[in-house]
Amino acid sequence: MIDFRQLQALSAVAAEGSVARAAKRLGWSQPTVDYHLKNLDRLVGTDLTTRSTRGSQLTTAGTLMLERGEEILSLSERALTDVRDLAQLGKVRLRFGTFPTAASLLLPGIVSRVSELGIELDATLEELAPLITRVNQHTLDAALVYAAGGYRLPFRAGVHTTHLFTDPMLLALPASHPAASRRSFDREALLSLSGDNWVMGSTPGDTLDDLVRELFFAEGLQVNVAIRTDDYSVVLGLIAAGMAVAIVPSLVSFNPPDGVVLRPIDDPRFARELLLAAPAGPGGPSAAVRQLAEAVRRSISALG
């Protein structure tokens, strides 16, 4: 089995170009570095370094071992850091923002899971643009946000985003709609709805709304926005009443009201990426934020 000290010795020789300088870098004696290098050579069955009067260099096998070895060393260090950080968390309070749709479905599970780790959440429910602003201003420790169609969210440098889930979007339309019999909608089929009333968000900055507008605008068409609301329960209620059509996330599709038909969209741009955004230093998000990200993933998986 590989001894981490063998990998440390190989890494130091690669960085310094000689065993003597590697020993100084590590704070070891030169014979100790030699000992670990020779043991690693024996373990893999080939020489990992070559030596000359100019110093030491890695062989091809040594270069591959260094690449894999640095991954192992990095993971081992991350494991130690995560466990130490978690052990020291005690009671941690995080200011957590989320958009209302996610809150109604996910927040109870998220709170339950992080509370088991000693993490308490001060939850704030806001739409996308205010959440981005608050993360940029560091008045939130983390926020659940989304982006659709490849749009980049306007986060400042120093904000780290973690991908959590890809949420396919669906077309919601009344069961009585002439197009309700279609099994799915491609670009052409969506454009055929240019004469319909659409429901869109009431808060600026929604990348999904921008995507729909761009789809129609590219063909010289405009979206007939008849109603604006950020509440998807209201959206579905309006559609059930036959008043409009809309694009909705799959997360709201578990119990649609009678009279609403949900159909997939055959365009990969019509999916939103759920992200956890958090201010972070050079080492990435804190242990508490990483645990929060995992709790969000598990809460999404629990929805089935």
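## Briefing: E273 and the chain around it

E273 is partly exposed, since its relative accessible area of 26% falls between the limits of under 20% for buried and over 50% for exposed. This is a predicted model, and E273 sits in its strand β11, which covers residues 271-279. Here's a quick tour, starting with the whole chain and then coming back to E273, with a stop at H138 to finish.

**Overall build**

- The protein chain has 10 helices and 11 strands.
- With a radius of gyration of 27 Å, well over the 19 Å that the globule rule gives for 304 residues, the chain is more spread out than a compact globule.
- Along the principal axes, the C-alpha atoms take up a box of roughly 80 × 45 × 35 Å.
- If you look at contacts with a separation of 6 or more, 72% of them link residues 24 or more positions apart.

**Surface and charge**

- Buried residues make up 44% of the 304 in the protein chain.
- The accessible surface adds up to about 15600 Å², and carbon and sulfur atoms account for 51% of that.
- On the charge side, there are 29 positive and 33 negative charges, and their mean positions lie 8 Å apart.

**Back to E273**

- Which residues does E273 touch, once neighbours within four places in sequence are set aside? The list is V145, Y146, A147, H163, F165 and T166.
- Y146 is 127 residues away from E273 along the chain, yet the two C-alpha atoms are separated by 5.3 Å.
- H163 is in contact with E273, and their side chains are joined by a polar contact of 3.1 Å.
- T166 is on the contact list too, with a side-chain to side-chain polar contact to E273 at 2.9 Å.
- So both polar contacts fit the cut-off of N or O atoms within 3.5 Å, at 3.1 Å for H163 and 2.9 Å for T166.

**A stop at H138**

- You'll find H138 in the loop that runs between α6 (128-136) and β5 (142-148).
- What is unusual to look for in the backbone here is the sign of phi: H138 has a value near 65°, which is positive in a residue other than glycine.
- Is H138 buried, exposed or partly exposed? Its relative accessibility is 46%, so H138 counts as partly exposed, given that exposed means over 50%.

Definitions and conventions. Residues numbered from 1 in each chain as written. Predicted model: local features only at pLDDT ≥ 70, side-chain atom pairs only at ≥ 80, totals over all residues. Heavy atoms only, no water. Helix = DSSP H or I, 4+ residues; strand = E, 2+ residues; numbered from the N terminus. Rg over C-alpha atoms; globule rule 2.2 N^0.38 Å. Buried < 20%, exposed > 50% of the residue type's maximum accessible area, 1.4 Å probe, protein only. Contact = heavy atoms within 4.5 Å. Areas by Shrake-Rupley, 256 points an atom, 1.4 Å probe, with all protein chains shown as cover. Lys, Arg positive; Asp, Glu negative; His and termini not counted. Charge placed at Lys NZ, Arg CZ, Asp CG, Glu CD. Polar contact = N/O pair within 3.5 Å; in protein donor to acceptor, adjacent residues only side chain to side chain.
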